[in-house]
Amino acid sequence: GGGFGSNPVSGSTTPARLFSFDLVNTTPSSLNIGPTITLDGTAIDADGLSMSHGGLLYAFQIDGSTSRMITIDSTTGAAAVVGTSGFMARSLRGATYMADGSILAVDSLNNELVRLSSLTGAILGTTKLKAGLNDYDVTNAVDIAMDAQGQIFIVQGDGLGNIEGGA
């Protein structure tokens, strides 16, 4: 397993760092703190880590209430911007790589699921998050995952739920 070091209130902090741990050995010493995430040599805040079927790491650089898609070298922590669209007025946090090669992310600013192209970073679709008939308000400390059957789960704080449909 692995991911980013994060703050349970804000969701992430600068500098973001990769980490991994041994799923068999669950002692604290099994945690491996990896490299700091950098873009053009500068440490950045990043969130929404997902991995392609080929092992490429994707994430979102966070700058206040804006985000942009990046890829990350898992050995060095060096990030590269995906596409040329620049920052979007979204706070893209939790993310999962989809079977079709797109990335599904949670926008905690607009309370939406956002489907993005993993090739260009362009938005392919959005869906408002709902709990029954009510809007579902998410925080920056949110994540999503997809199981082997394609079911998408969202976790926030101590709550876990499943998502029907998608962006």
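**Strand β11 and its surroundings**

In this predicted model, Thr96 stands opposite Leu104, a residue of β11.

Biologist: In which sense do β10 and β11 pair, and over how many bridges?

Modeller: The facing of Thr96 and Leu104 belongs with the pairing of β10 and β11, which is antiparallel. The two strands form a hairpin with four residues between them, where Gly101 takes a positive phi near 90°. As for the sense and the count asked for, β10 and β11 pair in the antiparallel sense, over four bridges.

Biologist: Which residue of β12 is the bridge partner of Ile103?

Modeller: β11 and β12 run antiparallel and are joined by six bridges. Their hairpin likewise has four residues between the strands, and Asn111 in that turn has a positive phi of about 55°. Within β12, the bridge partner of Ile103 is Leu116.

Biologist: Is β11 largely enclosed by the rest of the structure or largely open, and why?

Modeller: Ser102, Leu104 and Val106 point one way from the strand, while Ile103, Ala105 and Asp107 point the other way, and all of them are buried, that is, under 20% relative accessible area. Because six of the six residues of β11 are buried, the strand is largely enclosed by the rest of the structure.

Biologist: How many residues has the largest nonpolar core?

Modeller: Among the residues with the most contacts inside this core are Ile103, Ala105 and Leu116. β7, β10, β11 and β12 each supply at least two of its residues. Apart from it lies another core of 11 residues, including Leu39 and Ile70, whereas the largest nonpolar core has 13 residues.

Key:
Residues numbered from 1 in each chain as written. Predicted model: local features only at pLDDT ≥ 70, side-chain atom pairs only at ≥ 80, totals over all residues. Heavy atoms only, no water. Core = buried A, V, L, I, M, F, W, Y, C linked by side-chain atoms within 4.5 Å. Buried < 20%, exposed > 50% of the residue type's maximum accessible area, 1.4 Å probe, protein only. Pairing = 2+ DSSP bridges.
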